[in-house]
Amino acid sequence: MLMLTCPCCGVTGEETEFTNGGEAHLKRYGPGTSDLDFEAYLFLRDNPKGVHFERWRHTYGCGKWFHVARCTMTLEIFGTYEAHVTTPPQEILAKIKSRRPDWIARIPGGGSE
Amino acid sequence: MILMGRSRMSEAVSALDGLVWDQGIARIEEVGPQGMITLRGDLGSGTIKDLATGVTSVDMPGQSEANCVADRGICWMSPDELLILCSYEDVAMNLQRIQKGLGDAHALAVDVSEARATFRISGDHVREVLAKLVPVDLSTEAFKDGMFRRTRMAQVPAAFWMCNDHMVQIVCFRSHAQYVFDLLKTAAAPGSEVNLL
Ligand SMILES: [Zn+2]
């Protein structure tokens, strides 16, 4: 069971109040891009064992979208942050590094750090 | 500015026509008709605050709070949405007042009275009756007077607040009214006290 804190309304609720929106910070490949890029954008997703960035929606609460950084193995939540960013904010990355010193940042949307 | 009104051609009847159930560990009552206006816009704007407090005569609530007196009140729904409660008869007048006050502001005011159902549950066990149905900590330390919570009630969306220590008010979609009433009846079944909260 995940406990998520919505950065929009401040409510901390359990996961059934929210909806998972899949991997975060995808770069969109639309018309005019190569078939391979378009296919990857549509269908290929990371499935890491460990640190993962996701989009979530506070479906039964304020209704807003936001981001979650969490560990897929331990279900630890590193933090939640606003929806309108293309890469995770520094304080979230710092939190992850303090909890997972060996983690090599492959920041989605932002290349490697 | 978008505004939608209702025609007043027929007598208003709430979802369950004021159904009451009083045979369990809490009294369950469908309340209605209750006037409700959704007001969306920049909640930091003085105009929106003034309009909300003006038509309800209650103070502006903080984040995740509700200020309600009898059938009037303001509920904080999200960073850009308020639910204005007023008497059913005053909705058209208040909506007009809000529309006029908003002017060209980027905002939305809609009469949602007919889209919702309202319940009050009362008695010594209200907290635990509700706690059986929502994924929310309803202990007195965690859920306090004045707090307003949108969440799910079993399988449908609902919002609630404590009117006082022995009464909870619940708002849900009108089409879910019977479902919510039945849920509450089950949660308040005779002999189902948990005596935890
Ligand atoms: Zn929220």
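1. A cavity, in this note, is a set of grid points where a 1.4 Å probe fits but cannot get out. Keep that idea in mind as you look around the structure, and remember that this is a predicted model.

2. How many cavities of 30 Å³ or more does a search of the whole structure find? The search finds two. Let's visit each in turn.

3. The largest cavity has a volume of about 100 Å³. Its lining is made of 16 residues, and the closest to the centre are Ser14(B), Pro33(B), Gln34(B), Ser113(B) and Arg116(B). Try finding these five in the viewer.

4. Which elements give two or more residues to that lining? They are β3 (27-31), β4 (34-40) and β9 (116-122) of chain B. The most comes from β9(B), which gives three residues. Sorted by class, the lining of the largest cavity has eight nonpolar, four polar and four charged residues.

5. Now for the second largest cavity, with a volume of about 60 Å³. Chain A lends Cys9(A), Val11(A), His58(A), Gly61(A) and Cys62(A) to its lining. From chain B come Ser64(B), Trp76(B), Met77(B), Phe148(B), Arg149(B) and Arg150(B). Residues of both chains therefore count as lining here, since a lining residue has an atom within 4 Å of a cavity point.

6. Two strands of chain B, β6 (72-78) and β10 (148-153), give two or more residues to the lining of this second largest cavity. Here β10(B) gives the most, with three residues. By class, you will find six nonpolar, three polar and two charged residues in the lining of the second largest cavity.

Technical notes
Residues numbered from 1 in each chain as written. Chains lettered and ligands numbered in written order. Predicted model: local features only at pLDDT ≥ 70, side-chain atom pairs only at ≥ 80, totals over all residues. Heavy atoms only, no water. 1 Å grid on protein atoms, 1.4 Å probe; cavity = no way out; pocket = protein on both sides within 12 Å on 5 of 7 lines; lining within 4 Å. Points joined across faces, edges and corners; volume = space filled by probe spheres on them. Helix = DSSP H or I, 4+ residues; strand = E, 2+ residues; numbered from the N terminus. Nonpolar A, V, L, I, M, F, W, Y, C, P; charged D, E, K, R; others polar.
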